[in-house]
Each structure stands twice: as structure tokens, then as C-alpha cells.
Amino acid sequence: MANLHIDNVHKSFGDTHILKGINMDIADGEFIILVGPSGCGKSTLMNCIAGLEQATTGRIIIEDEDVTEAMPKDRDIAMVFQSYALYPNMNVWKNIAFGLEIRKMPKDEIASTVERVADLLQIRPLLKRKPSQLSGGQRQRVAMGRALARDPKIFLFDEPLSNLDAKLRVEMRTEIKKLHQRLKTTIVYVTHDQIEAMTLANRIAVMKDGMIQQFGSPQEVYDEPVNLFVAGFMGSPSMNFIRCKVMEHQGEAHIRMEVDGKDYNLPIPKQEQAVRQRIGQTVILGIRPEQITHVIPQQDAGPNMASVDGKIIVTEPTGADTLTLIRMNDQEVNCRVHPREAKEPGETMTFMINMDKAIFFDPETEDRII
Amino acid sequence: MTVKHSERRYSEVTGRAVLYAILIIVAIYYLIPLAIMISTSFRDMNDIRFGHLIDLPSSLSLEAWRMAWSEVQIGARRQLGLRPYFINSLLITIPAVTISVIVGALNGYVLSFWRFKGSNIFFALLLFGCFLPFQAILLPQATVLGKIGLSGTIPGLILTHVVYGVAFTTLFYRNYYVSLPGELVKAAQLDGAGFWRIFWRIILPLSTPITVVAVIWQFTQIWNDFLFGVAFSSPRSQPVTVGLNNMVNSSTGEVRYNVDMAGAIIAALPTLAVYIIAGKYFVRGLTAGSVKG
Ligand SMILES: Nc1ncnc2c1ncn2[C@@H]1O[C@H](COP(=O)(O)OP(=O)(O)OP(=O)(O)O)[C@@H](O)[C@H]1O
Ligand SMILES: [Mg+2]
């Protein structure tokens, strides 16, 4: 258990700059999710925290102690590698026990720890096997087990569940969450899975091109993304971005929106003062698919509710909802409607837009307008 | 369709037949001298004198083997036969192979997983050692051995072979190790293991194929070496290759083909044994090391 401060960490391999000034303050016991597109430097950052790569500049501080120069083994970190990195010459039992033996844990304690972890990860029948005799998902769980057997200051998990089937993934996710609630160990966890990110995190760090774009609670990152990238990256299906103009209508700033040949004036919420002042300018309206739905009678009365009639281009039933594609301002827009309410492609239906949840971005800087 | 199909099959079969025919011819070409050597070594001198030079033995005689091993007078040496030379060769080869393989493994380990500033230059210089011809280091090495008082001794020969061989063993191990995932070492570091423990517990157990390659390579190189053996030895420390040469050249009177052949086989036997015991790994190890190297 420890806090973790990452202070302006840069990392270059030769001439290529991978990490460009990472700053993170992580409190003791926090569960941090690190997301970002492939190749943005997540694993590199994990390696820097663990001491497996030396940061080019900047400092890593664990438990108020500067460990920038410390050896990996002295940092007391357990890590699940993206590539598993199981020891091929040892069986599963040995793989899990190796770190415990080195740290001089008594024999009987090692045995009980290995068994506890094996039960947790449902790999008990595999303990005598070599890694080469395991499936990808089984290997991944062994990699997980090797980390969980230890009681380190910090856990680093690099996509630890990516290779599991859907059911097992959900089970393991719950186990990790329970484990964290019990142990309260600081965790930094990389994932590409949106649900994993939202459900596990105390805070989410969204990374792009070696820089942290936003670092906040899941709800913050989801509802208040600071820029177009974060808004588009979080959430699946991703947020709709519609270029549109701010216009004055009946003495108030509105968004002018054309849907299938008809013009609408969509309200801009009061809190978006900065947007209301941009009359005559083009902005990017960001609105999530679930905010554009079929008309729900009790909810369509609010001040920031609007409705438009759109012709359906494509429908994609997902079971719980049907994703419906329409065109607004000649740009494709995903809407999320109840399967029973969804009409067929080619038909027109009325959609209700909750502009309260709309956010606006500057088309030049791509930052949120505030 | 079907015609074409069977045509292809047909051509595949003939291709294979031609390939095998060539391989068999080549194999025979290489095996005939060996067969003649073996057969000659079991004949007695009368048989050779009055019969054909190349013939099967009329009776199995071990006389020539005994002579070559322990009775032939070689040069002015008091001990008879190839035996003392053979023992010298063992005394040189076993430590030299052991040391050069261990040093090579350690070098490869460091150069693959514990890179330091200039380690690539270091490796390039080491590689240079592989291309160095034997002849080029004769004089400097003689001077060095003289300076450190190891001229003409078995330790001197061991040292020479180790120095020369480390370039190769390092190359083998380094190319093998870079094909291992570097995360293994990282994971072990996080598990708390240090430099030596990672080497012994993780890396070395994965090194069997390349170790077999390195041992075979070094063993044959050192055992079959003649030049260093001639140049840096004294009569007391000469290896079996030199002994064999002296035996063949110092025989007075008629040439005793059977003894010469038996001696040659004795000198070649250990390398043959190493190949037969470890050959299967050799082929496997060569490819394992080179795929990603
Ligand atoms: N040893 C290295 N030498 C040079 N470049 C490297 C090295 N390691 C990583 N990189 C580069 O650094 C960048 C970031 O790599 P990293 O593995 O951190 O990405 P990531 O965010 O973990 O991606 P993914 O989600 O695919 O795992 C990549 O462009 C990669 O090519
Ligand atoms: Mg990664």
C-alpha cells in the first residue's frame, strides 16, 4: 500500500519520444485505469513505474520516497505483463511461487498462498502444467496469479483480462474489484475494455501520444471530457460529433440543425455560457447516442429537450437497445432507441434529444468550449 | 483438372526421387573413405602387403589398434603410442570447452538482457574475433604466453582456445538469447531475483539447445585443432592431432597403413561420439538460435 507520484516523466527510445511529460498523483489505495489507443505509451509508462525502463527525465515517487534510480526489485511492485512473461521452464505452481521463494516466505505459507490464488483464478487443475501446455486465457490467469500471490505496495496490470472469454472476464473483473476492496492496494490497470474501465476505476487516465489528456473519475471523464479525443475515446458506441452553427433564435442562442431538409433550433443549456456567446460561429456538438432516443412521454417536456424527425438509414439491434443511424447536418448520427420503438430503415421517426447532456468543442483546437 | 492434379503429383514424386538419389550418392561419397579406414584398421600387415590395398579384412585383427594406442614409437618419446597425446587432448579440450561455453553464455546473457553503454560496440568487436584467422594470432599469442610463463604448457593451450572460442560461443548465446522474450527477465526482476539468480533459474534452463550447439562446436574445434597444438605446445603437452601427425611421419621403413588408420580413427572418435550423442540437438539448436537472431 502506497501512494504514487509520477512527476513530469519523459521517456525516449533514441530519437523517438514516447512519454512526453506524464504527471499523476495517485493516492494510497486508489484504483487507476489507464486507457489510450494502441502505441500511446501505456506499457512504457508501466515499465517506468516498475523501474524496468529508466525514465529519461522526471521522477517516480512511491510512498514519499524517490525511487527513480531504484532497482525494480527494491520498489516492491507486482506486475502482470501484457505478454504474460511466464517462465517457460517452470510449471504453474513454480511460476506463482518463484517470487515468494525469493522473498523468503516460509514453505507452508507459499503452498497456501499458491492454492488461494489458484482458486481465485480457477486454475487449480493446471498447477502442474508448463506454460506451453496452457491456452492463452489460462496463461493470462497464471500471469495474474503470479502478481496476486504477492503483497506489494503497488499492482501494475497491463491488460490482464484481454484474452479471456466474456463470462470469465466478468467473473475475474468482479474478483479483482473484491480483491481491491479487501486489500486496498494501489493499482494501475491498463485496459481497452470500456466497461472494465468504468466499473473498476476510482479514476481514469486517458492517454494519447504520450500525454495524459484527462485524469478524473469515470463519470467525469464520461460526462465532462476535456477534448474531442477523450470524448470520442470513452464510451461505446462513441459520442456523435456534429458540426453545426450557433444562431440567434427568438433572442436566444440556439444550435441550428438541419435534419432531412427541415431546420431545427436546438436549445443550448444555460450552463454552456461560452457556447452561447459564439453566435454565428461553427462549433462541434458532442452528444452520446443514449441522449438521442425515441420520444419518452414524461421526459420530453424539459427546457433543454428537443425533438427532430429523422429518416432511418440503418438499424443495429444490440439486444438491450437498437442503434439507429440518421443524418443530421449531413453527418451520420447514432441514436439509441428501445427495440420496440425502432422503425425500419427508410422510415421516419421522431427522436428526442436531451441537450442537457450535450457538450461543445472548438473545431480548431478540438478542446471543449468553456 | 484431374490430369493436371496427377501431373503435379507425378512431378513431385520424381523431384523427390532425384533429391534422394543425389543425397545417397553424396552420402556414399563421404562414407567410402571412412569405410576403407575402418576396414583397413582391422586388417593385419601381411594381408595388406600381399593383397590389395583396398579390401575387406580376411580376419578381424585388433593388433593395429593396440599398436596405435600404446605401442608405436612416436618421435623420440619415451611413452609409446597415441595414449599420452590423447590424454593431453582431453586435458586441453574439456576445460577449454567448459570455460569458453560458460563465459560465452554469460557474455550472451549480459549482451542480451543487461545492455550497457557501448555493449553493441563490444559485441561487434567480439564478432570480429570470429573472422580472425588462426594464423593471425600465432605470433602475438606466443609472445603473450611467453610473458605469462605458459609457453608450451597445457594451461597455455587452454587459455588460447578459450580466448579464441569465446567469440563464437558469445555469438551463439547472444543470438539465442535475443530471441527469448525480454519480459522474462523483467518479470524475474520484479519477483525480486538478481543478476545471478535470473541466469541460473530462468535463462540457463532455457539454454539447452544452444548449449549443445556451443559444446559440439567448441569440442570439435578444439579437439581437431592442429595449428595451436603444434605452435604452442612442447613435446609433453602435444594434443592427439599432433601426435597422429608425428606418428604417421615418423614411421621408418614401410608404411603401416593399418596402424595409421587405427590411429586416425582413435583421434577422431571423441568428436564422432559427441556428434552421435548430441547431434539431434545440434540441428534443432542451430535453427532455434538462428530463427530470430
Ligand atoms: N524498446 C523500444 N524501443 C523503441 N520503441 C519502443 C520500445 N518500446 C516501445 N516502443 C514504442 O513506444 C510506443 C509505445 O509503446 P507501448 O508498448 O507503451 O504502447 P501501449 O500504449 O502499451 O500500446 P498497446 O495498447 O498496443 O499495448 C510504441 O510506438 C512503440 O513502438
Ligand atoms: Mg501495451
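Is I49(A) buried or exposed? I looked this up before anything else, bearing in mind that the model is a predicted one, and found that I49(A) counts as buried because its relative accessibility is 1%, where under 20% is the cut-off for that word.

**Entry on I49(A).** I placed I49(A) in helix α1 of chain A. I then checked its distance to I62(A), a residue 13 positions away along the chain, and noted that the two C-alpha atoms are separated by 9.1 Å.

**Entry on the magnesium ion.** I went on to ask which protein atoms serve as donors to the magnesium ion (ligand 2). I found OG of S43(A) and OE1 of Q82(A), which lie 1.9 to 2.2 Å from the ion. S43(A) belongs to helix α1 (residues 42–50) of chain A, while Q82(A) is in the loop between β6 (77–80) and α2 (92–102), so the pair ties together parts of chain A that are 39 residues apart in sequence. I also looked up how open each donor residue is: S43(A) is partly exposed, with a relative accessible area of 24%, and Q82(A) is likewise partly exposed, with a value of 40%.

**Entry on the backbone of chain A.** I searched for unusual backbone angles and noted that the peptide bond leading from S236(A) to P237(A) is cis, with omega near -5°. P237(A) sits in the loop between α8 (228–233) and β11 (240–249) of chain A. I then turned to positive phi values in residues other than glycine, and recorded E63(A), with a phi of about 50°, in the loop between β4 (57–62) and β5 (65–66) of chain A. E63(A) counts as partly exposed because its relative accessibility is 38%. I recorded Q250(A) as well, whose phi is near 55° and whose place is the loop between β11 and β12 (252–259) of chain A. Q250(A) has a relative accessible area of 71% and is therefore exposed, since the cut-off for that word is over 50%.

**Entry on charges over rings.** In chain A I looked for arginines placed over tyrosine rings, and found the charged end of R146(A) over the ring of Y87(A), 4.7 Å from the ring centre. I also found R288(A) over the face of Y222(A), where the distance to the ring centre is 3.8 Å.

**Entry on aromatic pairs.** How many aromatic pairs are there over all chains? I obtained a count of 29. One that I followed up is formed by F172(B) and W217(B), whose ring centres are 5.7 Å apart and whose planes meet at 90°, so I entered the pair as edge-to-face. F172(B) lies in helix α7 (residues 154–177) and W217(B) in helix α10 (residues 208–224), and the pair thus links distant parts of chain B, 45 residues apart. I noted that F172(B) counts as buried at 16% relative accessibility, whereas W217(B), at 29%, is partly exposed. I also recorded one aromatic cluster in chain B, with Y109(B), F113(B), W114(B), Y173(B) and W200(B) among its members.

**Entry on a surface patch.** Finally I looked at a nonpolar surface patch of about 590 Å², made by L19(B), Y20(B), L23(B), I24(B), I28(B) and I32(B). From this group I checked I28(B), which lies in helix α1 (residues 2–41) of chain B and counts as partly exposed at 46% relative accessibility.

Notes
Residues numbered from 1 in each chain as written. Chains lettered and ligands numbered in written order. Predicted model: local features only at pLDDT ≥ 70, side-chain atom pairs only at ≥ 80, totals over all residues. Heavy atoms only, no water. Patch = residues over 30% accessible without salt bridge, like charges linked within 9 Å, V, L, I, M, F, W, Y side chains within 5 Å. Areas by Shrake-Rupley, 256 points an atom, 1.4 Å probe, with all protein chains shown as cover. Salt bridge = Lys/Arg side-chain N within 4 Å of Asp/Glu carboxyl O. Helix = DSSP H or I, 4+ residues; strand = E, 2+ residues; numbered from the N terminus. Buried < 20%, exposed > 50% of the residue type's maximum accessible area, 1.4 Å probe, protein only. Phe/Tyr/Trp six-rings, centres within 6.5 Å; stacked < 30°, edge-to-face > 60°. Lys NZ or Arg CZ within 6 Å of the ring centre and 35° of its normal. Donors = N, O, S within 2.8 Å, 3.2 Å for Na, K, Ca; no water.
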